[in-house]
Amino acid sequence: MDEEFGLRPGEEALALPDRYDAGLHFIGRLRTPWTRRADCPKNNLGNEAVCTVALDPAYAPALRNVEGASHLVLLYWMDRAPRGLLVQQPRHADGPRGTFSLRSPARPNPIALAVVELLGRSDDTLAVRGLDCLDGTPLLDIKPYFASTDSRPQAIVERAGKPAR
Ligand SMILES: C[S@@+](CC[C@H](N)C(=O)[O-])C[C@H]1O[C@@H](n2cnc3c(N)ncnc32)[C@H](O)[C@@H]1O
């Protein structure tokens, strides 16, 4: 395991399987200003940095009509995260938490998501706002964000016994 991700007290990890069940193609890379995890934004909302979705040119035809969306869902692969952690101690949490209760990049399938604002397109690149990943993070998919079906304004997550939005 990467030293940066060494086990903290209370954390539990799993031995990884020797083979995976699915194959993925990285369809591009996310170009961001951040080269160290510590510098990445902790919160996508209110993060003003303009980042670039650099799509592999072979996938460019799939961008047709994408400009019709003001916001996109990006799915990306946290390539520098460990995959065995089942229980994690987030730096600022009051105790260890199950991986599936967290948005941590460390998870069995390190898939991350962000709803980004689409600022513009030029051929096979998109300018977006609202990313939080390291420069060069592989891109898995792009989908339009539908406020009508994707938004759940009443949703809460309990933190330190209190509901948070
Ligand atoms: C808390 S995760 C949230 C990711 C995504 N917004 C989500 O909700 O699925 C974001 C953090 O992952 C870390 N990170 C960013 N890019 C990474 C990468 N390529 N590999 C591993 N960790 C990464 C940074 O510490 C960043 O602040």
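**Close-up views of the predicted model**

**View 1. The open sheet, seen at its β1-β5 pair.** β1 and strand β5 (residues 85-88) pair over two bridges, in the antiparallel sense. This is a predicted model. Opposite E12 stands V87 in β5. β5 is also joined to β6 by two bridges, and these two strands run antiparallel. Here G98 in β6 stands opposite V87. V87 therefore appears in both pairings: E12 is opposite it in one, and G98 is opposite it in the other; strands of a sheet pair through backbone hydrogen bonds, either parallel or antiparallel.

**View 2. The full open sheet and its edges.** Three strands make up this open sheet, in the order β1-β5-β6. Their pairing is antiparallel. Which strands lie at the edges? They are β1 (12-13) and β6 (97-98), and each pairs on one side only.

**View 3. The closed barrel.** Six strands close into a barrel that runs β2-β3-β8-β7-β4-β9. Pairing in the barrel is antiparallel. On average, neighbouring strands of this sheet are turned by 45° against each other, direction ignored.

**View 4. The β2-β9 pair of the barrel.** Strand β2 (residues 28-31) meets strand β9 (residues 137-144) over three bridges. The sense is antiparallel. To place the pair in the model, start from L30: its bridge partner in β9 is T137.

**View 5. Strand β8 and its partner β3.** Strand β3 (residues 50-55) is joined to β8 by five bridges. The two strands run antiparallel. One bridge to look for links T52 with its partner A127 in β8. In a regular strand the side chains alternate between the two faces of the sheet. Which residues of strand β8 (residues 125-129) are on the covered face, and which on the uncovered one? L126 and V128 form the covered face. T125, A127 and R129 form the uncovered face. A127, the bridge partner of T52, thus belongs to the uncovered face.

**View 6. The β7-β8 hairpin.** β7 and β8 form a hairpin, with two residues between them. D123 sits in the turn and has a positive phi of about 50°. Five bridges join the two strands, which run antiparallel. Among the pairs, E117 has R129 in β8 as its bridge partner. R129 is also on the uncovered face of β8.

**View 7. The shell around the ligand.** There are 18 residues around the ligand. Which of them come nearest? They are C40, R80, P105, A112 and C133. Strand β7 (residues 111-122) gives the largest share of the shell, three residues. By type, the shell holds nine nonpolar, three polar and six charged residues.

**View 8. The whole chain, for orientation.** The protein chain has one helix and eleven strands. From the N terminus on, its elements run β-β-β-β-β-β-β-β-β-α-β-β. Taken along the principal axes, its C-alpha atoms fill a box of roughly 50 × 40 × 30 Å. A compact globule with 165 residues would have a radius of gyration near 15 Å; the protein chain has 17 Å, which agrees. Of the 165 residues, 18% count as buried. Among contacts between residues at least 6 apart in sequence, 74% join residues at least 24 apart.

Conventions
Residues numbered from 1 in each chain as written. Predicted model: local features only at pLDDT ≥ 70, side-chain atom pairs only at ≥ 80, totals over all residues. Near = placed C-beta within 6 Å. Helix = DSSP H or I, 4+ residues; strand = E, 2+ residues; numbered from the N terminus. Nonpolar A, V, L, I, M, F, W, Y, C, P; charged D, E, K, R; others polar. Pairing = 2+ DSSP bridges. Axes fitted to C-alpha atoms, helices over the stretch in contact; angles between N-to-C directions. Buried ≥ 20, exposed ≤ 12 C-beta atoms within 10 Å, placed from the backbone. Rg over C-alpha atoms; globule rule 2.2 N^0.38 Å. Contact = placed C-beta atoms within 7 Å.
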